[in-house]
Amino acid sequence: MTTAPESDPDQELTDDVVGKALWLSVAVILLIAVVGIAIWYLRPAQPKEVGVVQEETILPQVRELPELEIPAVPFKDVSIEAGLVFQHTNGANGEKLLPETMGAVGRSLISTTTVTKTLCV
């Protein structure tokens with residue numbers, strides 16, 4: 001039968017020793033933080049040097065532009081003569097849902113599984 005090796009009582013750590021070491025560590029960290037904040041707060045403020053340069057402001061010159069005559073461009077609706085009949089439908093019927101208000105970005109955020117389940121139903 002084997003026996004457990006005897007442990008050195010000096011090296012045995014109990015909860016009391018670990019707890020004291022933890023509180024000592026916290027106290028040292030807080031002390032360092034308080035001293036650092038005090039040094040930062042009590043340091044003398046260094047004056048900022050502001051250099052002011054006085055120069056004469058040179059304004060841009062206004063150019064004289066010749067009068068331009070805008071040409072008259074005649075537009076003629078030839079869609080019906082070409083056989084094109086177009087009627088826009090925005091697709092809104094009833095409620096205004098989130099994908100309708102978000103546009104293409106909102107539609108791309110919908111997961112493919114949701115779209116697949118919706119289409120299969």
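1. Let me start with Glu81, which is exposed in this predicted model. Its relative accessible area is 60%, and since the cut-off for exposed is over 50%, the label follows. Glu81 has a partner in Lys76: the two form a salt bridge, with 3.9 Å between the closest N and O atoms. Lys76 counts as exposed too, because its relative accessibility is 63%. If you plan to look at other pairs of this kind, note that a search of the whole structure finds one salt bridge.

2. Now to confidence, which you will want to keep in mind while reading the rest. The mean pLDDT of the protein is 77, and 65% of its residues reach 70 or more. Confidence is highest in α1, with a mean of 92, and lowest in helix α4, residues 112-120, where the mean is 51. Where pLDDT is low, the predicted coordinates should not be read in detail.

3. The overall make-up is simple to state. The protein has four helices and zero strands, so the order of elements from the N terminus reads α-α-α-α.

4. How much of the protein is buried? Buried residues account for 2% of its 121 residues. The accessible surface of the protein comes to about 13,400 Å², and carbon and sulfur atoms hold 63% of that surface.

5. Helix α1 deserves its own point. This helix covers residues 15-42 and has 28 residues. From its first C-alpha to its last, α1 reaches 40 Å, close to the 40 Å expected at 1.5 Å a residue. The helix is hardly covered: among its 28 residues, the count of buried ones is zero.

6. Which residues form a nonpolar patch on the surface? They are Leu22, Trp23, Val26 and Leu30, and together they have about 440 Å² of accessible area. Val26, one of the four, lies in helix α1. Val26 counts as partly exposed because its relative accessibility is 33%, a value between the 20% cut-off for buried and the 50% cut-off for exposed.

7. To pull the threads together for your own reading: helix α1 is where confidence is highest, has zero buried residues and contains Val26, a member of the nonpolar patch. Helix α4, by contrast, is where confidence is lowest.

Notes:
Residues are numbered from 1 along each chain as its sequence is written. This is a predicted model: local features need pLDDT of at least 70, side-chain atom pairs count only at pLDDT 80 or more; totals for chains, interfaces and linings use all residues. Side-chain values use heavy atoms; hydrogens and water are left out. Patches are made of residues with over 30% relative accessible area and no salt bridge: like charges are joined within 9 Å, nonpolar side chains (Val, Leu, Ile, Met, Phe, Trp, Tyr) within 5 Å. Accessible areas come from the Shrake-Rupley method with a 1.4 Å probe; for residues, only the protein chains shown count as cover. A salt bridge is a side-chain nitrogen of Lys or Arg within 4 Å of a carboxyl oxygen of Asp or Glu. Helices (H or I, at least four residues) and strands (E, at least two) are DSSP runs, numbered from the N terminus. Buried means under 20% relative accessible area, exposed over 50%, partly exposed in between (1.4 Å probe, protein chains only). pLDDT is the predictor's confidence in each residue, from 0 to 100. The expected span of a helix is 1.5 Å times one less than its number of residues.
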